[in-house]
Amino acid sequence: MSLLTIILAAGKGTRMKSENPKVLFEAAGRPMVDYAVSAAREAGANEINVVVGSGAELVKAHLGNSVTYSVQKEQRGTGDAVMAAEEIIKDKKCRVLILCGDMPLVSGATLRNFVEEAEHHPVSFITVDVEKPFGYGRVVRGTNGNVLRIVEQKDANENEKRIKEINTGIYLCDGDTLLDRLSRIDTKNAQGEFYLTDIVSEGAYAYKAEDEDEFMGVNTRAHLAAASKMIWRRRAERFMEEGVSILDPDTFYAGADVEIKKDAVIYPNVYIEGETIIHSGTTIYPGSRIKDSVIEENCEIKDNTLIQDSFVGKGSSVGPMAQLRPGTKLLGENKIGNFVETKKISFGEGSKASHLTYLGDADIGKDVNVGCGTITCNYDGINKHVTTIGDGVFVGSDVQFVAPVNIGKGALIGAGSTITKDVPEDSLAITRAKQLIKEGWVSSWKKSKEKK
Ligand code: UD1
Ligand code: CA
């Protein structure tokens with residue numbers, strides 16, 4: 001039978017105190033609803049229907065047409081939210097897996113096990129024992145162990161508040177049975193809402209899970225921080241198992257789509273985001289952030305470096321305190337030193353810019369030495385222009401290249417020059433004013449100023 005997954009994502013998220021819909025808040029760098037969507041896919045969902053309401057347009061714009069939508073006009077509770085998907089459930093004769101958009105830690109594997117084990121039950125849900133049940137619905141069982149009902153925090157009496165077994169908010173139902181039971185729920189409870197939890201009161205199979213962390217529901221920003229920490233920590237553990245050294249797994253922040261190859265070494269407080277690949281033998285020093293970039297083998301990314309949309313070829317050293325902006329391509333064995341900024345450049349093999357330099361919109365050959373304080377003046381206030389520098393060029397310190405300008409292979413640019421015209425290969429270009437020496441000038445000048 002086909003499996004329809006319904007993801008509840010219409011809630012206001014009142015406890016987040018935000019203008020933005022809760023399910024789009026990022027847990028460890030990824031919107032929470034994305035975790036639910038990918039876990040549903042891993043569990044074998046044939047269709048994913050997302051119930052939207054608060055901030056519906058934003059949620060739809062984010063997920064696009066990878067899923068279908070139902071709209072809950074007014075947020076009248078989790079039961080009402082599922083009712084919003086009635087039309088979808090009705091004519092399908094399917095099994096329905098219900099997930100919440102605010103549970104980023106649930107794994108696809110757990111859902112798959114649940115779906116298999118609960119296969120023959122008309123209504124089932126996942127429960128787990130937790131250390132601190134505050135805020136969750138508690139599972140009330142009869143003397144024979146059967147589930148009687150779920151009681152929400154605000155409706156619970158003192159005894160019920162002590163129950164450690166909670167409702168995770170994940171259900172698997174027969175489509176028709178689900179709709180039938182939903183037709184009988186009401187709003188007679190402390191919050192005046194339609195509680196989805198009430199469907200278990202007519203009998204349900206409780207699938208008891210083991211790992212309480214997986215079922216953490218994010219309702220506040222403190223929960224979001226705690227969930228993010230666990231997700232980052234898991235990613236760190238996975239990388240360590242695969243042979244990556246992570247000096248402090250508690251301050252390692254890698255996104256969901258990051259790849260790190262074995263024998264890479266990651267110092268504390270490093271952010272690796274987007275579609276980034278860190279290859280073998282590369283070391284990333286503290287305080288760096290790398291997004292949507294490839295760092296090849298045996299590189300050193302030194303302290304406090306920011307790299308975005310860039311390629312760092314093997315054996316290169318970048319930083320400390322460097323910024324590689326989008327479109328930077330270092331072809332290998334390069335050095336980019338402290339306070340160097342690059343943007344949209346190709347930097348040939350073996351080339352170096354060791355200190356205090358801006359290189360933007362430039363095509364730079366191999367074995368070029370860029371002296372301290374060099375600037376490519378790429379912007380004339382209206383357009384951007386390109387600087388081209390051939391192989392083996394030596395650029396002295398404090399040089400400005402006023403683009404567009406081409407420097408031929410093997411040329412030498414004298415320190416302090418402002419280069420506005422093309423330089424042929426193998427030539428010296430120097431725009432410095434001639435140095436003047438006046439011997440004894442200082443003391444005679446001072447004497448002339450002395451008060452008489
Ligand atoms: C819910 C459960 C609780 C369970 C907990 C697990 C109910 C009544 N309570 O409580 O038993 O222990 O989840 O985390 O079901 N939503 C809508 N429309 C609404 C209301 C909510 O789409 O009108 C969505 C929210 O966007 C969210 C999910 O449903 O993704 C859960 O809602 P939330 O308000 O967070 O429920 P909890 O109080 O956490
Ligand atoms: Ca919740």
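In this predicted model, ring pairs join Trp232, Tyr253 and Tyr271 into a cluster. The cluster belongs to a wider set, for seven aromatic pairs turn up when the whole structure is searched. Within it, tyrosine 253 and tyrosine 271 form a stacked pair, because their ring centres lie 4.4 Å apart and their planes meet at 15°, under the 30 degrees that marks stacking. Tyrosine 253 sits in strand E13 (residues 252–254) and tyrosine 271 in strand E16 (residues 270–273), so this contact ties together parts of the sequence 18 residues apart. The two partners can also be described by their accessibility: tyrosine 253 is buried, with a relative accessible area of 14%, whereas tyrosine 271, at 32%, counts as partly exposed.

Rings also meet charges in this structure. The charged end of arginine 30 sits over the ring of tyrosine 35, at 4.7 Å from the ring centre. In another such arrangement, the charged end of lysine 384 lies over the ring of tyrosine 379, 5.1 Å from its centre.

Turning to the metal, the calcium ion (ligand 2) is coordinated by Asp102 (OD) and Asn219 (OD1), at 2.4 to 2.5 Å. These two residues bring together distant parts of the chain, 117 residues apart: aspartate 102 belongs to the loop between strand E6 (95–100) and helix H5 (108–117), and asparagine 219 to the loop between strand E11 (205–209) and helix H8 (221–241). Aspartate 102 counts as buried because its relative accessibility is 12%, under the 20% limit. Asparagine 219 is buried too, with a relative accessible area of 14%.

The calcium-coordinating residues reappear in the description of the pockets. The largest pocket has a volume of about 1,500 Å³. It is lined by 47 residues, and those closest to its centre are Arg15, Lys22, Asp102, Gly135 and Asn219. Strand E1 (3–9), helix H3 (78–83), strand E10 (165–174) and H8 each give at least two residues to this lining, with E10 supplying the largest share, four residues. By character, the lining comprises 16 nonpolar, 20 polar and 11 charged residues.

The second largest pocket holds about 400 Å³ of space. Its lining counts 15 residues, with Tyr35, Pro104, Ser107, Ile231 and Arg234 nearest the centre. Helix H1 (32–42) and H8 are the elements that contribute two or more residues to this lining, which divides into seven nonpolar, three polar and five charged residues. Tyr35, one of the residues nearest the centre of this pocket, is also the tyrosine whose ring lies beneath the charged end of arginine 30.

Technical notes: Residues are numbered from 1 along each chain as its sequence is written. Chains are lettered from A and ligands numbered from 1 in the order in which they are written. This is a predicted model: local features need pLDDT of at least 70, side-chain atom pairs count only at pLDDT 80 or more; totals for chains, interfaces and linings use all residues. Side-chain values use heavy atoms; hydrogens and water are left out. Donors are N, O and S atoms within 2.8 Å of the metal (3.2 Å for Na, K and Ca); water is not among the atoms, so sites may look incomplete. Buried means under 20% relative accessible area, exposed over 50%, partly exposed in between (1.4 Å probe, protein chains only). On a 1 Å grid over the protein atoms alone, a cavity is a set of points where a 1.4 Å probe fits but cannot get out, and a pocket is an open set with protein on both sides within 12 Å along at least five of seven lines; lining residues have an atom within 4 Å of a point. Grid points are joined across faces, edges and corners, and a volume is the space filled by probe spheres set on the points. Ala, Val, Leu, Ile, Met, Phe, Trp, Tyr, Cys and Pro count as nonpolar, Asp, Glu, Lys and Arg as charged, and the others, Gly among them, as polar. Rings of Phe, Tyr and Trp (its six-membered ring) pair if their centres lie within 6.5 Å; planes under 30 degrees apart count as stacked, over 60 as edge-to-face and the rest as tilted. A charge sits over a ring if NZ of Lys or CZ of Arg is within 6 Å of the ring centre and within 35 degrees of the ring normal.
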